[in-house]
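Let's look at how the words used for a protein structure get their meaning. Each answer sets a value beside a definition and then draws the conclusion.

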Amino acid sequence: MSEQAAPGIRSGAVPGEVTDAVPLGAPVEGGPARRPAPVTLAGRHVAIVPFDADQHSASLYALSHGPEKEALWAYLSAAPFPDEAAFTRFYAEAATKADPLLFAIVEAETGRAVGHATYMRIEPAHRVIEVGNILYTPALQRTPGATEAMYLMARHAFEDLGYRRYEWKCNALNAPSRRAAERLGFSYEGLFRQHMIIKGLSRDTAWYALLDHEWPCARAAFEAWLDPANFDAEGRQKQRLEDIRAAL
């Protein structure tokens with residue numbers, strides 16, 4: 001059967017062309033984005049490096065396990081691990097995958113692994129990528145390196161790989177993650193109800209995104225916040241990241 005033009009669209013209309021009857025999206029120039037590879041992204045405080053279980057598991061296990069650290073795993077699909085061997089086996093397998101692509105967050109001076117994050121749900125054809133599976137141990141939380149890690153990954157996605165949409169998703173009950181998304185410049189887009197079952201529990205998912213045309217402002221804010229001049233002698237910030245971005 002031969003195809004027919006949809007109602008309101010002229011036969012032979014150019015794809016992406018806007019007609020009076022049917023509104024269509026704006027044309028998008030360029031080809032697909034590049035698929036992320038295991039690279040090193042170096043910053044002043046931290047570096048994003050390909051996850052290596054032999055190098056990173058011991059320190060990350062020690063920093064993320066213990067009676068007072070169980071909450072770190074509350075919203076991650078992986079549970080706290082019974083011992084370091086189980087932890088290392090899990091992460092050795094995770095490090096072999098291309099999506100999610102796992103990175104360790106290491107201290108720039110010591111090389112000690114203090115967290116991890118992934119690029120995931122990678123769609124080069126649509127130029128959409130998500131940052132997720134984020135674990136920040138207490139050694140990383142509320143430090144300049146915590147913010148720098150997300151800056152480095154966003155910059156790489158937009159500027160080196162050519163993505164136009166950078167997503168952040170989290171359990172809708174995860175208030176710290178939702179605050180982090182908004183602080184970092186992501187916009188809330190809505191709630192996916194009963195989206196997943198994690199550890200036998202129903203999860204509503206909050207969706208956030210940062211777009212390529214929003215990135216220049218977000219980047220300028222990140223860099224102004226990370227500037228050493230934004231911190232006093234005790235390491236306290238002088239201006240909040242969201243206030244810098246709002247002023248821009």
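Q: What do buried, partly exposed and exposed mean here?
A: Buried means a relative accessible area under 20%, exposed means over 50%, and partly exposed is in between, with a 1.4 Å probe and protein chains only. Keep in mind that this is a predicted model, where local features need pLDDT of at least 70 and side-chain atom pairs count only at pLDDT 80 or more, while totals for chains, interfaces and linings use all residues. Residues are numbered from 1 along each chain as its sequence is written, and side-chain values use heavy atoms, leaving out hydrogens and water.

Q: Why is C170 called buried?
A: The relative accessible area of C170 is 5%, and the cut-off for buried is under 20%, so the word fits.

Q: What makes C217 partly exposed?
A: C217 has 32% relative accessibility. That value falls between the 20% and 50% limits, so C217 counts as partly exposed.

Q: How many disulfides does the structure hold?
A: There are 0 disulfides. A disulfide would be a pair of cysteine sulfur atoms within 2.5 Å.

Q: How do you know what counts as a helix or a strand?
A: Both are DSSP runs, numbered from the N terminus: helices are H or I with at least four residues, and strands are E with at least two. By that rule the chain has 6 helices and 8 strands. From the N terminus on, they come in the order β-β-α-α-β-β-β-α-β-α-β-β-α-α.

Q: What makes α3 largely enclosed by the rest of the structure?
A: Of its 17 residues, 13 are buried, so α3 is largely enclosed. One residue in this helix is M153, which counts as buried at 0% relative accessibility.

Q: How does the reach of α3 compare with the expected span?
A: The expected span is 1.5 Å times one less than the number of residues. For the 17 residues of α3 that gives 24 Å, and the 23 Å from first C-alpha to last is close to it. The helix is followed by G162, which has a positive phi, near 85 degrees.

Q: What does M153 touch?
A: Contact means heavy atoms within 4.5 Å. Not counting residues up to four places away in sequence, the residues that M153 touches include L41, I48, F103 and Y166. By contrast, 22 Å separate the C-alpha atoms of M153 and W73, which are 80 residues apart along the chain.

Q: What makes a group of residues a nonpolar core?
A: A nonpolar core is a set of buried Ala, Val, Leu, Ile, Met, Phe, Trp, Tyr and Cys residues joined through side-chain atoms within 4.5 Å. In the largest one, with 45 residues, those touching the most other members are I105, Y119, M150, M153, Y166, W168 and F186. Helix α3 (residues 144-160) gives the largest share, 9 residues. Apart from this core lies another, of 20 residues, among them F51, L60, A86 and L135.

Q: How do you know that β6 and β8 pair?
A: Two strands pair if DSSP finds at least two bridges between them. Strands β6 (residues 165-171) and β8 (residues 201-211) have 7 bridges, in the antiparallel sense, so they pass this test. E167, for example, has A209 in β8 as its bridge partner.

Q: What makes β1 and β2 a pair?
A: They run antiparallel and are joined by 2 bridges, so they meet the requirement of at least two. A42 stands opposite A47 in β2, and a hairpin of 3 residues links the strands.

Q: Why are β1 and β7 called edges?
A: The open sheet has 8 strands in the order β1-β2-β3-β4-β5-β6-β8-β7, with mixed pairing. Both β1 (41-42) and β7 (187-198) have a single partner strand, so one side of each is left without a neighbour in the sheet.

Q: Why does R142 count as exposed?
A: R142 has 87% relative accessibility, and the cut-off for exposed is over 50%, so it counts as exposed. R142 lies in the loop between β5 (128-136) and α3, and its phi is positive, near 60 degrees, in a residue other than glycine.

Q: What makes K199 partly exposed?
A: The relative accessibility of K199 is 41%. This is between the 20% and 50% limits, so K199 counts as partly exposed. K199 is found in the loop between β7 and β8.
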